[in-house]
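Visitor: I would like to learn how to read contacts and ring pairs in a model like this one. Could you take me through it?

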Protein chains: 4
Amino acid sequence: MAFIRTVFILAGLAALRANAAFNGLAITPQMGWNTWNAFSCDIDERLILETAQTIVELGFKDLGYHYVVIDDCWSAGRNSTGHLQPDPNKFPNGMDFLSDKLHSMGLGMGMYSDAGSLTCARFEGSLGHEQIDAQTFASWGVDYLKYDNCFNEGQSGTPLITYNRYKTMATALNATGRPILYSICNWGEDYPWKWAQTVGNSWRMSGDIFDTFDKPDARCPCTGEDAFECQLPGWHCSMMNILNKVALFPEKGVPGAWNDMDMLEVGNGGMTDDEYVVHFSMWAALKSPLIMGNDLRKVNAQTLSILSNPAVLAVSQDPLSSPAFQRWRYYVGDKDEYGQGEIQMWSGDLSGGDMLVVLLNAGDKNRNMNATLADIFWDHGPGGTATQVKQAWDVYDLWANRVDNATANAIIAAAKANTTAPDNALPFGYNATANGGYEAGLTQNVPALFGKKVGSVRPNGKVTAEVRRHSVAMLRLRATKVEL
Amino acid sequence: MAFIRTVFILAGLAALRANAAFNGLAITPQMGWNTWNAFSCDIDERLILETAQTIVELGFKDLGYHYVVIDDCWSAGRNSTGHLQPDPNKFPNGMDFLSDKLHSMGLGMGMYSDAGSLTCARFEGSLGHEQIDAQTFASWGVDYLKYDNCFNEGQSGTPLITYNRYKTMATALNATGRPILYSICNWGEDYPWKWAQTVGNSWRMSGDIFDTFDKPDARCPCTGEDAFECQLPGWHCSMMNILNKVALFPEKGVPGAWNDMDMLEVGNGGMTDDEYVVHFSMWAALKSPLIMGNDLRKVNAQTLSILSNPAVLAVSQDPLSSPAFQRWRYYVGDKDEYGQGEIQMWSGDLSGGDMLVVLLNAGDKNRNMNATLADIFWDHGPGGTATQVKQAWDVYDLWANRVDNATANAIIAAAKANTTAPDNALPFGYNATANGGYEAGLTQNVPALFGKKVGSVRPNGKVTAEVRRHSVAMLRLRATKVEL
Amino acid sequence: MAFIRTVFILAGLAALRANAAFNGLAITPQMGWNTWNAFSCDIDERLILETAQTIVELGFKDLGYHYVVIDDCWSAGRNSTGHLQPDPNKFPNGMDFLSDKLHSMGLGMGMYSDAGSLTCARFEGSLGHEQIDAQTFASWGVDYLKYDNCFNEGQSGTPLITYNRYKTMATALNATGRPILYSICNWGEDYPWKWAQTVGNSWRMSGDIFDTFDKPDARCPCTGEDAFECQLPGWHCSMMNILNKVALFPEKGVPGAWNDMDMLEVGNGGMTDDEYVVHFSMWAALKSPLIMGNDLRKVNAQTLSILSNPAVLAVSQDPLSSPAFQRWRYYVGDKDEYGQGEIQMWSGDLSGGDMLVVLLNAGDKNRNMNATLADIFWDHGPGGTATQVKQAWDVYDLWANRVDNATANAIIAAAKANTTAPDNALPFGYNATANGGYEAGLTQNVPALFGKKVGSVRPNGKVTAEVRRHSVAMLRLRATKVEL
Amino acid sequence: MAFIRTVFILAGLAALRANAAFNGLAITPQMGWNTWNAFSCDIDERLILETAQTIVELGFKDLGYHYVVIDDCWSAGRNSTGHLQPDPNKFPNGMDFLSDKLHSMGLGMGMYSDAGSLTCARFEGSLGHEQIDAQTFASWGVDYLKYDNCFNEGQSGTPLITYNRYKTMATALNATGRPILYSICNWGEDYPWKWAQTVGNSWRMSGDIFDTFDKPDARCPCTGEDAFECQLPGWHCSMMNILNKVALFPEKGVPGAWNDMDMLEVGNGGMTDDEYVVHFSMWAALKSPLIMGNDLRKVNAQTLSILSNPAVLAVSQDPLSSPAFQRWRYYVGDKDEYGQGEIQMWSGDLSGGDMLVVLLNAGDKNRNMNATLADIFWDHGPGGTATQVKQAWDVYDLWANRVDNATANAIIAAAKANTTAPDNALPFGYNATANGGYEAGLTQNVPALFGKKVGSVRPNGKVTAEVRRHSVAMLRLRATKVEL
């Protein structure tokens, strides 16, 4: 049998979690921020600290964004004892200083290295230095390691070769005694979804994202049904390209070990607001890590209100940990300027017997979309045989209560003025960090986590929604309560 | 040369069998029942015992269904001495108790483990523990091991890596001294049909079956001519998807070592009666193991009459062991709701000089189908040159004598009342278990094994049949006896 | 750079040959006969001796058919000392007796084993027994070993794994001190054309041939541009299927080491006379080994006159050893009953500055075909820049002088009556064996080796020919002699 | 993340270079001449010396063409001490004599060997002899080694196997103490762009080039989106075939380690003048090594004026080392005689904030082409968000100042008469060798390096050009200077 999800439903969540990841971390997909998408190599201590401060003040920390990750270009190579050194111009006070600061704000410290002789930007890599580098990171108080794949000295080509390379660092990290979330970034080469669950907390499953909805790029060549067999993952992959790749194996992500669809581009300017809503919705529905990649110091109202939507975050962090699956996909005639046009329907189990439904319109025109209960609950019984098809459902729109621009601008202004309240999640309706995650809120039916009721579906009926061009309807079905 | 079948015809069956599988088991494809398709992790001792009792009382045992296989989720991990322990809540009397019970009913005891660090449901796996686990299974009286592929620590990517992993358990099983049928379940990764004949009794050649006739699913991505080169076998593969994959290499199954098309979905509700007839017919024609996957305690008349058809079982268990081959395949315009539509013709040698012909209508409309003797006997001489083309044949319909619903319901009722006869195969016309298999019945021309004569074909003629939408004509050609 | 041919033209033939195969054999493609295609496992000493006698009496020996190869099913396994034993029922006088007989007739003795634990027909294989088996073969006077690939215990998946497996036997054969032509038969898996030149004399580059012109078969799945990347070479491959595969890499065959397109089906009945002419022409043009596969004791006139055509054999055995290359290929509308239809043009350098041109009509209608000198001499200068394009050529039809049926029948009758002349090649116009091959005859302009002059081409002109459905024009261009 | 370029812009060029190639060579793509394309095995000392002399006298040396590379067929095998020996007939004075001569002319000495048991022309290879052969080459004063891939004894199939084979020679070369540029030639097998940057200075990324613009050839089978996954790189690959392959991964070339698109065919006669302009332009734009492959002793005016264009060479040797990327590609209806027809737009960063734009017309008709600034600057900000889109640009045509035929003929005549000036680059406007490369000239705005201003583009505008059939517009955008 293949990996299965229904097992977990039956086995119960407590047992599941005890059984979970090799290091006990990332029981739900990790959340945080990373320097790369917005800043590339142009990073320094000040950027990190200002961003961390912003994460706290805008309420992102309370919503669960925990890790602040320094990507490539922080290094000055090894010193005479072979220890990695931070670039003294960029990080004059050292990395332990920085992690102390982050920890004091209640955030996690993330760093970057590479399972090769050089990092992608050609700084010193960790291949052959795993033990000493893991110890260095631990000694600096690092809580998270993104581990890249450039210049790997030919150590790829079969799962076993790559597994061994990445396991070496896993073992080294665990040997430090410090819990360090291990984010494998080998771009999906050699099928990490086959082997990374027992050695890492997440694995990139594609080439690098670029801030575009669906533009094809010669540098991201693998597409179609066999996109997963990709020895050239590439870069400049569009958001839709990555989504259509992960559609082949969402179930490979399990508690403690997730399909990583790459860091978020929300707010970086290359997509429309609707497109960013699609991006964020699908990353949440597919249980990808949610690592913000924009300049938070300059966040605008629209970006803030996307990244902070608690009803969508509650899908990402749902305790059932069941990803959405693509139920159908059709090409449509209304192609956009890049020649792309399609519609998709996804659904996935949520805790409490709820069901997520996503109607994705990647065509070039607004359209009315619908999904039958038979298709939505296909995995519970093919051909409409599932009992769920025979019942009535209330439909909640998870984007309906998105914070409006005025509120968002007030939050931003308050953060800049340092006048925010102690509980910065207040405007968003739920403080996940204070509550140890989203499970408590879901159990208690905290309204902010359920969006807005917008309709209902009769037994054997259809869910319908108007969906704009390049947008999405993200809906939560809740069993209609029968009056007693 | 490639694997050949005609050799066996020439070499004689006795020699063939002596020469056969590495452990002497599964000289014809194994038959039995498995917990997974109907029950997933929701299993316990009571289910096993009730099902075993039903297997006996409904006559399945006498028809040859021998193994009762407990799939994943039976385990409570390892004890302090490293031995696997059954979950005490599910199996309070232990596994030896259960196998004693099964053996006392004349059935075989099957269990499940995984060639990885964890099973697919994330229980303890056997990778690195093969010897101790094989000994445990043997000590429990286990007769059959299904051995899965999840969480395999990157040990895949070339046939050799995977072969070594599975051979380790083969060696361990053989070392116990107990004959244990070894069912390799690595979903066709690394081409087990190339190497598994000398280390196992069967090998899954595709992703997991789902209870649907032909619905495509993104999670089962490999299709088309190169479907066999699949590094993502997936799950939710339709019955037709698997059939079209095995069409590329039926000959790889040989006595003692079979292409496993996955467990049967007959009776689980996702297909029509006609579709289940196709499913069962093709699994028999292709010499797949026949492992029932439904809840036998709730079996209905239609399901019973499919699974118990002795004329079809006699094809599966034919002593010649020659699979049917796909002679042609055409796409048709009458597509079903999932956009699929095709027709196929298969034929294969049977003992006694008989020939199996299957006309498969996977189009959306009923149609008249036909097959020329030239195409049917292609392998005996291309282009109509085979001597068989020049002779006349009687045509037997292997489904014509399917037990009617009234009879089937009476059998079910009797089983529930525990009033069945000592020979429960009686209503089906042949007791395979009492006769040591189907060869004796075939040699003796037991009528139940030959269906019903429905017509004849003249030399150089065509076999024709009306075939309903999503159904099959399964015919046995027997040389017309010339009056002397 | 890739393998090149023009080097050899420049370097001279003598140097080339000294430099050639690892064991000095098969400087031109081997010729002979093999039991499999016509007889499968139904073989014995009598068959071998009768066939050998026929090879001599029909003149095949004198034409260069040297090796008589016993394929699978000769074995009775290993004796107590681990030595392979022939089946005493089939070969009661042992294999040394047989090789003595063959040697006394001036023929070579060929045998078969398998680089796996079992042969394809499941007799004892040589994997792990290479040294002792090579010694056994040498002790029996064996001159040729066909070495198959079944049941190889997972030892495939990269060129290196497969190379090592086949090299082991190469080393063992060479260590015997007896020159034994080594015919690698791993069906093209792991790209033997990349590595087999230094360890073998030929390598199969496809799945098994079946006696059909172009019928597709599900069991031979690899087609199209990437047909070479085939992990399921299959069987029942049509003649055209194999031809279109080898078209991708003809240059990989070099003196002493050849692309093996599998044994000939000429005379087995599944193709028309024209189709067999295509088959034989292309195998010769591509420098495949020419191993007859029919029942020579029952050869008819048409079959004899194909297999014995010295003008075609002179192409196969040309001392320049340059294969023909496919210059163009077009699909045509006149499809045959199997839905196939295409035309192709091939050309290749011959000794003496001659040029081979093949116009292949695989469409369903007769047609007039032509080829420009620019295309024919493409490799000598692209776009018509070759000096050869500017000269005039005489055109010789290599099939025009094919022996007529009356003559062929007389030869057959004489052979049956044991009244043939000492030089049995006489009716065919050239005794290659007596002359040490075809080079002498070519140098001396023996007419039988050049077919019949049928026309000429002017500078910058076109070669034209009427080519029947499923047939070929096989032409030799010779520089037009300028009158002085 | 994938390899990135913008890092280098930020990091500064000095740091970049210090960090660069494993041996400090080829900081910009190597330039030179090689015997193979024009002469194959027909080489000797005289050819080398005459060509070297011509390189100097025609000004090529001063333009940066430094290495004179002797390809295959120079060898006479190993002597009794295992040292390679040059063929005494071809190189009677030995290789050290030759390298002394070349050095005395200010040129570099290049040689050839093979990472296999034999070279492609079947001379002695270096596999297993890496140390002694590297020492031999160093002792001969060799500055450059092209290292081929024929007859590699199965040592391929995963990046690791191939990496190890090529690294062995890298280590051996470095151990000699002599700086030897290491040109890996394994035709792109096993993805050298993944691993060769740390062991070599360049790697072939495709099968062998043939002197044709776009004719498909069965012997170069890998095309399309997955062309990079090629286990049969082949030969007779057209110029466009190679270009379309490298389009998938231009970024893999970095200072010191380049994608090698194979040696130039400019001047060999198989393409039109326009086509050669395309060829040379694209090789420069993609940062391929520029190794001339024609008979320089017979160079004509057109060939000279292509190979010597300093404005194009300045793109190749630009200190930013950023390749052009393919921004779009469309198939067009005007197909040429080989059935090919497409148009492409490429752009890439140049030093000084300039931008390269290439409009490639591979259709069969002349056409007006254009490119939006939004597309040109896509990588600087998707969807037109880059700041560069909002500014005005001057457009320089890099081919406008190509030397005219009269001038070129005068240069050729002077060279033949040995009357050329001490600075032979004079007619071309820049002496790169005297200036240590092209950076100085670019910094100083030497006019010859910038072509001719032909227009300008307004903010948010389009670059337009008339582009002939099978030709190219190669343009350099320079920020329009605002009048103060």
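Visitor: How many residue pairs are in polar contact across the interface of chain D and chain A?

Guide: In this predicted model, the rule finds 11 such pairs across that interface, both residues being at pLDDT 80 or more. On the chain D side, helix H1 (6-11), helix H8 (159-175), helix H9 (192-195) and strand S11 (325-331) each supply at least two residues. H1(D) gives the most, with 4 residues. By class, this side has 27 nonpolar, 7 polar and 8 charged residues.

Visitor: And which side chains meet in a salt bridge there?

Guide: The count between chain D and chain A is 2 salt bridges. One of them joins D:Asp379 and A:Arg219, at 2.6 Å from N to O.

Visitor: What area do chain D and chain A bury between them?

Guide: Interface size is often given as the accessible area lost when the parts come together. Here chain D and chain A bury about 3,600 Å², with 60% of it on carbon and sulfur atoms. The contact takes 42 residues from chain D and 50 residues from chain A.

Visitor: Now the rings, please. How many aromatic pairs are there over all chains?

Guide: A pair of aromatic rings is described by the distance of the centres and the angle of the planes. The count over all chains comes to 76. Take B:Tyr147 and B:Tyr182: their centres are 6.0 Å apart and their planes at 50 degrees, so the pair is tilted. B:Tyr147 lies in strand S6 and B:Tyr182 in strand S7 of chain B, so the pair ties together parts 35 residues apart in sequence.

Visitor: Is B:Tyr147 buried or exposed?

Guide: B:Tyr147 is buried, with a relative accessible area of 0%, and B:Tyr182 also counts as buried at 0%.

Terms used. Residues are numbered from 1 along each chain as its sequence is written. Chains are lettered from A and ligands numbered from 1 in the order in which they are written. This is a predicted model: local features need pLDDT of at least 70, side-chain atom pairs count only at pLDDT 80 or more; totals for chains, interfaces and linings use all residues. Side-chain values use heavy atoms; hydrogens and water are left out. Contact means heavy atoms within 4.5 Å. Buried area is the accessible area (1.4 Å probe) that two parts lose on being put together, summed over both. A salt bridge is a side-chain nitrogen of Lys or Arg within 4 Å of a carboxyl oxygen of Asp or Glu. A polar contact is a pair of N or O atoms within 3.5 Å; within protein, one must be able to donate a hydrogen and the other to accept it, and residues adjacent in sequence count only if both atoms are side-chain atoms. Ala, Val, Leu, Ile, Met, Phe, Trp, Tyr, Cys and Pro count as nonpolar, Asp, Glu, Lys and Arg as charged, and the others, Gly among them, as polar. Rings of Phe, Tyr and Trp (its six-membered ring) pair if their centres lie within 6.5 Å; planes under 30 degrees apart count as stacked, over 60 as edge-to-face and the rest as tilted. Buried means under 20% relative accessible area, exposed over 50%, partly exposed in between (1.4 Å probe, protein chains only).
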